[in-house]
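Biologist: Please take a close look at the inside of this structure for me. I would like to hear about the nonpolar core, and then about what lies around it.

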Amino acid sequence: MKALVLNALGRGFDFEDVDIAAPIGREVLVDVQASGLCHTDLLFATHNFVPTPAVLGHEVAGIVAAAGPDVAQLRIGDHVVGSLAQSCGACARCLSGRSFQCSHPESTLRRSTDAPRLSRDGVGLFQGFGLGGFAEKALIHENQLAAVPKELPFAQAALLGCGVVTGAGAVLNTANVRAGDTVVIFGAGGVGLNAVSGARIAGAARIIVIDIQAKRLDEARRFGATEVIDSTKTKPVEAVRDLLPGGADHVFDFVGLKAVAEQGLAMLGVGGGLYLVGVARPDVEIAVNVASAIGGQQRVQGVNFGSTNFKRDIPMYAQLYLQGRMNLDDLVSRRISLRDVNDGYAALKGGALTRVVVTSF
C-alpha cells in the first residue's frame, strides 16, 4: 500500500510503498478515508520524540475492512474514528473512565516477538500512536477505535480523533466549565475553535478569544466567541481585564509559548485555572509565583487529549454535529491527496487555513 514514511527528522514525509500485516487478536484493519494534518505530527517529524523510519498521522477516519479473531466491539463495514489515546480497557484508570491516563497503553501494540504491523523491505516501521493514518490502510487495536454514524462525513469525522476532542474536551472535561463561567482562549486555530464550541455548549457567559490574525478572529466569532482580541494591536492582559475586571474563571493556552502562558496567569480571577494545551517547542517553561497562586487560589494544569473518554466522547460529538449543535464543517479548510502532505503542512504555517485533511489516497 501507499504510505508516507518519515525517514529522518526535519526532512518531511516520503511517499512510498509499505507492507501492512493481516490483523491478529483484537486488531482491526481500516480502509482510511480521511486523515487530518495535526501540528503534533509535524512536531514529531522535526523533534526527537519517536524512532525513524515511522508512519505518523493520528487523525484517522475510515471503514473497517477486516478484523482479528478476538475483536468484539466492531464489525466489517463500520465507520470508525481513531484515538491517539492508547488504552488497555482493564486498568483502574480505564475502568474509572480515565482511559486517557491508561496505565498500560502498550497493550494496544504488538509484542516484540510478533511480526511488525508495518514494514518496508522486511524491516519494521514505527507506527505513530499505534495509528499510522498517513497511509491507505491502518492496522489498529479495537481499543483505539470508536464507531460513528455512517452519515457523518469522513473529513469531519477524522478531526474528532484529536483536534475536536482536545479543544472541546479541555473545556468540558478538564476545566468542567459551567453555565455562567467566563472563558479566555489563546489561539483560534483548529483546536482553539473547538474550545470555543465547547464553551458555547457548556453555556459560558463570556467567551473571549485572543489571536494575532484577523481571519482567525472572524472564525472565532462564527464559532461562538462573544469578544475577540487582536494581540498585535492591544495588550491582551489589559484588554481582558477591561472586559472582566474580576479576572477570568478559565484561561486556555493553545499556543504553547512562555509569554502567552504567563499572560494567561495574569488574567485569572480568584479560584481561576490556566490550562496548558498547545506545545510550540518541547523546552518551553513558565514561572509561577507561589504566594500569588496561594492567595488567588489559582491552578495551572496540563491537558492531554482533552481528558477524553473517547469511546463516549467521539460518538457524542458526532451526534452534536448531526444535530446542528457543533460546527465541524468550517474546520475543514482544504482537502488534499496523501502525496501532498508536505505542501499541506507548509500551507498551514501561514495561518490562513484552519485544518487540512487528506481525503485522496
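Modeller: Here is a tour that starts with the core and goes on to strands and empty spaces. Keep in mind that this is a predicted model.

Start with a general idea. In soluble globular proteins, nonpolar side chains tend to be buried together. Now look for such a group here. The largest nonpolar core has 87 residues. Some of its members touch the most others: F13, L37, F134, L160, I185, F252 and V341. Find these on the structure, and you have good landmarks for the core. Next, ask which element contributes. Helix α3, residues 154-174, gives the most to this core, with eleven residues. Apart from the largest core lies another one, of 15 residues. Its members include V184, A239, V260 and M267.

Now zoom in on one landmark, L37. Set aside its neighbours within four places in sequence. L37 is then in contact with E59, F134, I336, V341, G344, Y345, L348, R355, V356 and V358. Two of these partners, F134 and V341, are also among the core residues that touch the most other members.

Turn next to the strands. Strand β4 covers residues 27-36, and strand β6 covers residues 59-67. They pair in the antiparallel sense, over eight bridges. Within this pairing, V32 stands opposite G62 in β6. Strand β6 has another partner, β7, with residues 79-82. Three bridges join β6 and β7, and they too run antiparallel. Here A61 stands opposite V81 in β7. So much for what is filled.

What about empty space? Rolling a probe the size of a water molecule over the atoms shows where empty space is left. A search of the whole structure finds one cavity of 30 Å³ or more. About 40 Å³ of space lies in the largest cavity. Its lining is made by A188, G189, L193, K215, R216, E219, G351, A352, L353 and T354. Helix α5, residues 214-223, gives the most to that lining, with three residues. Sorted by class, the cavity lining has four nonpolar, three polar and three charged residues.

Finish with a pocket. The second largest pocket has a volume of about 260 Å³. It is lined by 15 residues, and the closest to its centre are L109, R110, R117, L125 and Q127. By class, this pocket lining has seven nonpolar, four polar and four charged residues.

Technical notes
Residues are numbered from 1 along each chain as its sequence is written. This is a predicted model: local features need pLDDT of at least 70, side-chain atom pairs count only at pLDDT 80 or more; totals for chains, interfaces and linings use all residues. Side-chain values use heavy atoms; hydrogens and water are left out. On a 1 Å grid over the protein atoms alone, a cavity is a set of points where a 1.4 Å probe fits but cannot get out, and a pocket is an open set with protein on both sides within 12 Å along at least five of seven lines; lining residues have an atom within 4 Å of a point. Grid points are joined across faces, edges and corners, and a volume is the space filled by probe spheres set on the points. Ala, Val, Leu, Ile, Met, Phe, Trp, Tyr, Cys and Pro count as nonpolar, Asp, Glu, Lys and Arg as charged, and the others, Gly among them, as polar. A nonpolar core is a set of buried Ala, Val, Leu, Ile, Met, Phe, Trp, Tyr and Cys residues joined through side-chain atoms within 4.5 Å. Buried means under 20% relative accessible area, exposed over 50%, partly exposed in between (1.4 Å probe, protein chains only). Helices (H or I, at least four residues) and strands (E, at least two) are DSSP runs, numbered from the N terminus. Contact means heavy atoms within 4.5 Å. Two strands pair if DSSP finds at least two bridges between them.
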